[in-house]
Amino acid sequence: MNPDLDALKPYPFEKLAALKADVTPPASLAHIPLTIGEPQHAPHAAALEALVAHQQEMARYPATHGMPELRQAIAAWASRRFGLAGLDPDAQVLPVNGTREALFAFVQAALDRSRPARVAVPNPFYQIYEGATLLAGGTPLYLDCRAEHGFRPDLDAVSADTWREVQIVFLCSPGNPTGAVTPLADFQRLIELADEFDFIIASDECYSELYLDEATPPPGLLQACAALGRHDYRRCLVFHSLSKRSNLPGLRSGFVAGDAALIAPFKRYRTYHGCAMSLPLQHASIAAWQDEQHVRANRNAYREKFAAVTETLAPVMDFPTPEASFYLWPAVPGGDDAAFTRALYAEEHVSVLPGSYMGRPAADGRNPGSGRVRLALVAELEATVEGARRLRRFIERQ
Ligand SMILES: Cc1ncc(COP(=O)(O)O)c(C=O)c1O
């Protein structure tokens with residue numbers, strides 16, 4: 001087997017299971033998991049209806065680049081949402097089976113192993129960026145996202161010599177696990193650096209539709225390009241998904257959009273990889289991208305949960321004011337995120353994810369994820385608020 005498989009790190013949830021393995025939580029309390037980022041709100045009904053209505057099309061092979069109607073629905077959505085002057089559905093859009101699959105596959109297709117192949121990833125981070133890099137024969141470059149810098153990477157802290165070895169930069173906005181939103185100015189600074197040092201920007205925007213202030217949706221990389229008059233989106237790709245936006249994580253549907261010179265070879269790679277989306281799923285996806293009402297309802301539900309949880313936890317925990325995503329990223333009293341997680345589970349039967357499990361130690365030995373936990377506010381309001389109440393009770397007892 002490929003020896004690079006041995007370089008893959010244990011997934012955070014494997015480490016969490018080991019941490020809790022010998023703990024017996026109180027049987028009198030139902031388990032409240034605030035761990036996995038799997039939306040629990042109802043999936044978009046019209047998408048499910050389209051899936052059923054088109055089930056006979058399972059009898060046909062789908063094409064790698066998807067149906068023109070799907071690419072058009074995606075291009076229209078992205079243009080509306082990000083104020084783009086144009087997005088060519090044929091050359092600048094590619095449907096994919098969720099962002100995870102595409103983030104992984106893109107690195108395999110893009111990385112040139114014949115020269116230094118660093119891939120910059122935010123730290124802490126969604127694990128796929130690192131795994132994709134290691135399996136493609138690249139070397140991760142961890143860009144720490146610390147409180148002092150708004151939980152965003154400090155792009156100007158990277159030396160010119162290091163940038164010269166970078167082939168791909170991952171951004172995640174809104175961020176998992178921090179919820180931080182990348183401002184337009186940061187996107188534009190990174191575009192300048194990409195031009196100077198010739199790298200690709202891969203912007204994971206799968207949480208872009210879950211934001212708290214209806215009047216200020218998070219900006220995206222293509223929007224930053226458009227504001228610069230860069231309508232070919234040179235060196236830039238965005239990754240979007242219906243998983244969080246439309247509560248359809250099982251549909252496995254998303255898209256990649258941007259630079260046609262990157263989309264074309266990626267499509268070629270995918271033709272061989274064999275990952276076309278089946279036709280009923282494409283019809284369901286069209287229904288979802290064409291509707292905003294369910295997305296607003298989804299945001300309202302998260303807004304309500306964030307308000308209730310913030311009110312409960314703010315007196316006992318310190319966390320950045322949530323702007324977007326469905327995560328809260330509080331510092332733990334005492335600073336030991338793993339010990340906090342274990343004791344919370346033992347006493348209150350509430351599961352959270354230690355922040356250090358999502359990060360890697362920096363050169364100074366400090367892991368920028370440590371000292372915090374990630375709370376995923378995905379369950380229904382009552383269970384989520386009950387989890388927050390138990391967290392508070394646990395802290396107040398310490
Ligand atoms: C930052 C980030 N990117 C990508 C994904 C993958 O989502 P999907 O493949 O369902 O689009 C997730 C899922 O939790 C995530 O947190």
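Arginine 299 and glutamate 214 form a salt bridge, with their closest N and O atoms 2.7 Å apart. The partners sit 85 residues apart in the chain. Arginine 299 belongs to helix H12, while glutamate 214 lies in the loop between strand E6 (200–204) and helix H8 (221–227). The model is predicted. In total, the structure holds 27 salt bridges.

**Two domains and their interface**

The domain assignment divides the protein in two. Domain 1 is built from two stretches, 3–42 and 294–397. Domain 2 covers 59–290. Taken over C-alpha atoms, the centres of the two domains are 26 Å apart.

How many residues of each domain are in contact with the other? The count is 41 residues of domain 1 and 41 residues of domain 2. Interface size is often quoted as the accessible area lost when the parts come together. Here domain 1 and domain 2 bury about 3,500 Å² between them. Carbon and sulfur atoms account for 57% of that area. On the domain 1 side, Arg299, Met358 and Arg360 lose the most area to domain 2. Together these three make up 17% of what that side buries. Arg299 thus appears here as well as in the salt bridge with glutamate 214.

Polar links also cross the interface. Four salt bridges span domain 1 and domain 2. Polar contacts join 21 residue pairs across the interface. Which helix gives the most residues to the domain 1 side? Helix H12 (residues 293–313) does, with eight residues touching domain 2. By class, the domain 1 side has 20 nonpolar, nine polar and 12 charged residues.

Aspartate 364 and arginine 146 form another salt bridge. Their closest N and O atoms are 4.0 Å apart.

**The ligand site**

The ligand has 15 residues around it. Thr99, Asp204, Tyr207, Ser241 and Ser243 come nearest. Three side chains that place a polar atom by a ligand oxygen are listed here.

| Residue | Distance from side-chain polar atom to ligand oxygen |
|---|---|
| Serine 241 | 2.6 Å |
| Serine 243 | 2.6 Å |
| Arginine 252 | 2.7 Å |

Serine 241 and serine 243 thus appear in the table with 2.6 Å for serine 241 and 2.6 Å for serine 243. Both are also among the residues that come nearest to the ligand. For arginine 252, the side-chain atom is an N or O, 2.7 Å from a ligand oxygen.

**Backbone features**

Where are the cis peptide bonds described here? One runs from serine 173 to proline 174, with omega near -10 degrees. Proline 174 is in the loop between strand E5 (166–172) and helix H7 (184–197). Another cis bond runs from asparagine 176 to proline 177, with omega near 15 degrees. Proline 177 is also placed in the loop between E5 and H7.

Tyrosine 233 has a backbone feature of its own. Its phi is positive, about 55 degrees, although tyrosine 233 is not a glycine. Tyrosine 233 lies in the loop between H8 and strand E7 (236–241).

Definitions and conventions:
Residues are numbered from 1 along each chain as its sequence is written. This is a predicted model: local features need pLDDT of at least 70, side-chain atom pairs count only at pLDDT 80 or more; totals for chains, interfaces and linings use all residues. Side-chain values use heavy atoms; hydrogens and water are left out. Domain bounds come from an automatic or database domain assignment. Contact means heavy atoms within 4.5 Å. Buried area is the accessible area (1.4 Å probe) that two parts lose on being put together, summed over both. A salt bridge is a side-chain nitrogen of Lys or Arg within 4 Å of a carboxyl oxygen of Asp or Glu. A polar contact is a pair of N or O atoms within 3.5 Å; within protein, one must be able to donate a hydrogen and the other to accept it, and residues adjacent in sequence count only if both atoms are side-chain atoms. Helices (H or I, at least four residues) and strands (E, at least two) are DSSP runs, numbered from the N terminus. Ala, Val, Leu, Ile, Met, Phe, Trp, Tyr, Cys and Pro count as nonpolar, Asp, Glu, Lys and Arg as charged, and the others, Gly among them, as polar. A residue is near a molecule or strand if one of its heavy atoms lies within 4 Å of it.
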